[in-house]
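Thanks for coming, everyone. I'd like to walk you through how two chains meet, so let's get the picture up on the screen.

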There are 2 protein chains.
Amino acid sequence: MEIAFLVFDGITPLDAIGPFDVLGRLPGAKVKFVGPQKGPARTMGGMCALYADYALDEVTAPDILVVPGGPGAGGISGPGLSVDPVVTGWVRDVHRKTQWTTSVCTGALILGGAGLLKGLRATTHWRAEKDLATFGAKPVHDRVVVEKQSRVITAAGVSSGIDMALRLADMVAGPDIAKAIQLQIEYDPEPPYDTGSILKAPPRLVEVARTLNRP
Amino acid sequence: MEIAFLVFDGITPLDAIGPFDVLGRLPGAKVKFVGPQKGPARTMGGMCALYADYALDEVTAPDILVVPGGPGAGGISGPGLSVDPVVTGWVRDVHRKTQWTTSVCTGALILGGAGLLKGLRATTHWRAEKDLATFGAKPVHDRVVVEKQSRVITAAGVSSGIDMALRLADMVAGPDIAKAIQLQIEYDPEPPYDTGSILKAPPRLVEVARTLNRP
C-alpha cells in the first residue's frame, strides 16, 4: 500500500509525523514523502526540516494521500499552497486514484484549493474555519470528518492527525491492526489541561494562543 | 531558551516531533536538532528522514535536552546508541548544564547509558522496561516521570512525549503558555480504542503489536 505525505516549507511537522508514525506501521506500508521541491522542507522559523524524497511528478498513484497543514498551506499567514496551481493540480489528479485523500489542520485548505471539498462537511484548525468555507466546504467542529462517498477525510488541528490515522488504519487494515498500532505508539493520552479545543478553552487563553510566536 | 533534540538513524520520528511541536512554540525557543552525523537521519526502513543541523560538538549547553527513542536508541533490536560512548558522553556532559534533561520512549536507555538514571524512577516504552532496569533505574508504569532533584524527566512510548512536553512547558513558562500551546496544537485527543497502554490492552493484541513490521 503506497502512502504519500505532502511536505513543504512552512509545514507544521506534527501534522505529518503524527499520522506517519501510525500509517507507516501498517503491514506493507510504503510511504513516500513528496514535495514541490525535493530535499529538506524548512519550518518553524527554519528550526526544523522534514525531508521530501520525491518530487510531485514522481508520485502519481498513491493509495492514500495525507496533506498536512501549517503556515505554508494557507490561512492566517496568506493563501500559501492552497492557491498554488501546481500543488493543487497534483492533489486533484492524485485524488482520482486514491482510496482515501486526507488532510490534517490547514492541509484542508489545500484540498479546498484542489476543489475536493465542495459541498462536503470538513474540519480544520480552529483558526482557519472561515478560510475553509471559502472553498465551498461546510465547516464542522468534529475532530475527524469522514466523507465516505467522496473518499475524503479531514482532521482538525495538528495533533488530531493521530486520531485520524488510527481510524484510517482501522478502515484499511481492520481493528486489530489499528488497536495494535495504538499500543505500539502507546497512545493513552494524558493531556494536562482541558484546553485542547476552541469549544473548551476560555477566551483569555484563546488570545494567548493567538499571540504566541508560532502560528 | 535553547532546546536540543538528539536525532539519529533509527529514531522513532513522533518521539521527537511530538515534543518539538510543543516546545518549539515556547516564547524565545531556539531549537537545535543535533546528531552524531549532520544531515538526514533515516528511519522506519528509510522511508522517513529527520534532519540534524548540528553536530554533537556544536551544541554544548542547551537549557533543555530531549532524547527521543526508536530502534536506533537501543532495546529490542540491540543496544544501539545506549552503548555508544560518543553519544552517551555528550549526553552526560550536556546534562551538567541543562535545566531539564528529558527522554521519550527508549530514549531513556540513552540516558541510562549516560549514567543519568541510577536510582531514579523512570519510564520508557513498554517493550523496553527490562532494559531500563539494567541501567540502575527503577522502572514505573507512569506516562511521565519527573525526577525534580535530578532534573530528569522520562516519558513512556512514542506519543507520550506530547504529554511530557506540555508539562515541561508549564514548568519553564507557566500554565497559561502551556495551556495556550495545547490549544494551538488542538490537543483534545479522541483515541479510537482503549488499547494505548500495556496495562489496558488484552494479551492477544499485545502479540499483534509485537509482530507488526515496525518495532
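At what angle do helix H7 of chain A and H6(B) pack? This is a predicted model, by the way, so keep that in mind throughout. The angle is about 80°, and the two axes lie 8 Å apart. That makes H7(A) and H6(B) roughly perpendicular to each other, since anything from 65 to 115 degrees gets that label. On the H7(A) side you've got A:Leu205, A:Val206, A:Val208 and A:Ala209, and they meet B:Asp176, B:Lys179, B:Ala180, B:Leu183 and B:Gln184 in H6(B). Sorted by class, that contact has six nonpolar residues, one polar and two charged.

Okay, let's zoom out to the whole interface. Chain B puts in 60 residues, and chain A puts in 60 residues. On chain B, the elements that each supply at least two residues to the side touching chain A are helix H1, strands S2 and S4, and helices H5, H6 and H7. Which of these gives the most? That's H6(B), with eight residues. And the make-up of that side of chain B is 34 nonpolar, 13 polar and 13 charged residues.

Now, how are the two copies arranged? You can lay chain B on chain A with a turn of 180° and a shift of 0.0 Å along the axis, and the RMSD comes out at 0.0 Å. The copies are therefore related as by a two-fold rotation axis. If you want to find that axis on the screen, look for B:Leu50, because its C-alpha sits 2.8 Å away, closest of the residues of chain B. Also, 100% of the interface residues of chain B are interface residues in chain A too, so the copies meet through the same surface.

Next up, the H1 helices. H1(A) and H1(B) pack at about 150°, with their axes 9 Å apart. So H1(A) is roughly antiparallel to H1(B), the cut-off for that being over 145 degrees. The crossing of H1(A) and H1(B) is left-handed. From H1(A), the contact uses A:Pro13, A:Leu14, A:Ile17, A:Gly18, A:Phe20 and A:Asp21, and from H1(B) it uses B:Pro13, B:Leu14, B:Ile17, B:Gly18, B:Phe20 and B:Asp21. In class terms, this H1(A) to H1(B) contact is eight nonpolar, two polar and two charged. How many residues of H1(B) are buried? Eleven of its eleven, and those include B:Asp15 and B:Asp21.

Let me finish with two arginines. B:Arg167 is in helix H5 of chain B. Is B:Arg167 buried or exposed? Buried: there are 20 other C-beta atoms within 10 Å, and 20 or more is what the label takes. Leaving out residues up to four places away in sequence, B:Arg167 touches A:Pro192 across the interface and B:Val144 in its own chain. B:Arg167 and B:Val144 are 23 residues apart in sequence, but 8.8 Å apart in space, C-alpha to C-alpha.

The other one is B:Arg151, in the loop between strands S10 and S11 of chain B. B:Arg151 has 17 C-beta neighbours inside 10 Å, so it counts as partly exposed. Apart from neighbours within four places in sequence, B:Arg151 is in contact with B:Thr98, B:Gln99, B:Trp100 and B:Thr101. As for B:Pro192, its C-alpha is 34 Å from that of B:Arg151, with the two 41 residues apart along the chain.

That's my tour, so over to you.

Terms used: Residues are numbered from 1 along each chain as its sequence is written. Chains are lettered from A and ligands numbered from 1 in the order in which they are written. This is a predicted model: local features need pLDDT of at least 70, side-chain atom pairs count only at pLDDT 80 or more; totals for chains, interfaces and linings use all residues. Two residues are in contact if their C-beta atoms, placed from the backbone, lie within 7 Å. Helices (H or I, at least four residues) and strands (E, at least two) are DSSP runs, numbered from the N terminus. Ala, Val, Leu, Ile, Met, Phe, Trp, Tyr, Cys and Pro count as nonpolar, Asp, Glu, Lys and Arg as charged, and the others, Gly among them, as polar. Axes are lines fitted to C-alpha atoms, for helices over the stretch in contact, and angles run from 0 to 180 degrees between N-to-C directions. Angles under 35 degrees count as roughly parallel, over 145 as roughly antiparallel, 65 to 115 as roughly perpendicular and the rest as oblique. A crossing is left-handed if the near helix is turned anticlockwise from the far one by less than a right angle, and right-handed if clockwise. Copies are superposed by least squares on the C-alpha atoms of residues with pLDDT of at least 70 in both. A residue is buried if 20 or more other C-beta atoms lie within 10 Å of its own, exposed if 12 or fewer, and partly exposed in between; C-beta atoms are placed from the backbone.
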